[in-house]
Amino acid sequence: MPSADLTTPASPPAPAALFAALGDTTRLALIQRLSGGAGQSISRLGEGLPMSRQAIRKHLSVLEDAGLVGARASGREMLYALRREPIEQARACLDDIAQQWDVLLQRLKLEVEQKE
Amino acid sequence: MTDMIIRSIEIAAPVEKVWDALMDYKKFGEWFRVKLDQPFELGKPSTGHMTYPGYEDFAWTARIVAIDPMTRFAYEWPATGGDKALMKSSVPEWTLVEFILEPLPDGTKITVTESGFDKVPEPRRSNVLRSNSGGWTQQMENIRTYAER
């Protein structure tokens, strides 16, 4: 299990793991619920979701392993919160590749239009 | 979809012309800066090497997965991330590149999607494509200079 400290990720998460963790509707729903900012408990996160506490905990641990979510103890409960940097890192990665395609498409455009 | 890139551009030329720039392996090579060894053929591998100065020893490898005339051209290529040893031995993760053409009243809209990044481990993932073509910032400059001339 990764560190339960919100401030120190166990290791820098790899985008590949991020994307795999995000590729699930329940986990995306959890991310959405967490995006409010403040730490939330499992029971709070599970409200209205048709699944057990156990199942929610399992999904949260996948998100934790990917570095997307951090947990800390608050009294008797664990509070879960979103980490921003890995999401931004993943987006930066895709933006970079997308920009490269922009360049290629621009060149294709120039090439074709020039010979029009 | 988080693991997919979608980009598009409008080109002031008919679909036939754009399709030709994709399908004619020599023309493809001009704008993609790659010297291909053979024409594209459905289900067949495509081989060659990059022609961008300084990157001539970078290999091009792809598998052609779709050729739907005037509509769609798709290939898969390995996510080698610029690792030459991997280029020789190949890698298990391939991403899918698709070009979709749509006719417009005064030209063609071309959309490229690349997907499958979720399965590619770092650090290769960040280097995918960039390493295939190299020097992107420089290339941006080249295009700007060329376009403004």
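Reading along the sequence, chain A goes α-α-α-α-β-β-α. That comes to five helices and two strands for chain A, where helices (H or I, at least four residues) and strands (E, at least two) are DSSP runs, numbered from the N terminus. The model is predicted, so local features need pLDDT of at least 70 and side-chain atom pairs count only at pLDDT 80 or more, while totals for chains, interfaces and linings use all residues. As for labels, residues are numbered from 1 along each chain as its sequence is written, and chains are lettered from A and ligands numbered from 1 in the order in which they are written.

Of the 116 residues in chain A, 31% are buried; a residue counts as buried if 20 or more other C-beta atoms, placed from the backbone, lie within 10 Å of its own. Take the contacts in chain A between residues at least 6 apart in sequence: 58% of them link residues at least 24 apart. A contact here means that the C-beta atoms of two residues, placed from the backbone, lie within 7 Å.

Chain B brings in a sheet. Seven strands form an open sheet in the order 1-7-6-5-4-3-2, with antiparallel pairing. Its edges are strand 1 (4–11) and strand 2 of chain B, each of which pairs on one side only. From one strand to the next, the twist averages 25°. Two strands are said to pair if DSSP finds at least two bridges between them. In general, such pairing runs through backbone hydrogen bonds, either parallel or antiparallel.

Starting from the strand 2 edge, strand 2 (residues 34–36) of chain B is joined to strand 3 (residues 45–50) of chain B by three bridges, in antiparallel fashion. Here B:Val34 sits opposite B:Met50. Strand 3 of chain B also pairs with strand 4 (residues 59–68) of chain B, again antiparallel, over five bridges, and B:His49 faces B:Ala59 of strand 4. Elsewhere in the sheet, nine bridges hook strand 6 (residues 94–104) of chain B to the antiparallel strand 7 (residues 107–115) of chain B, with B:Pro103 opposite B:Thr108.

Then there is helix 1 (residues 15–23) of chain B, whose buried residues are B:Val18, B:Trp19, B:Ala21 and B:Leu22. These four sit on the same side of helix 1 of chain B because they cover an arc of only 160° around the axis, the arc being that of the directions from the helix axis to the C-beta atoms. Helix 1 of chain B lies across strand 1, strand 5 (72–78), strand 6 and strand 7 of chain B, and runs at about 160° to strand 6. For such angles, axes are lines fitted to C-alpha atoms, for helices over the stretch in contact, and values run from 0 to 180 degrees between N-to-C directions.

Methods:
A residue is buried if 20 or more other C-beta atoms lie within 10 Å of its own, exposed if 12 or fewer, and partly exposed in between; C-beta atoms are placed from the backbone.
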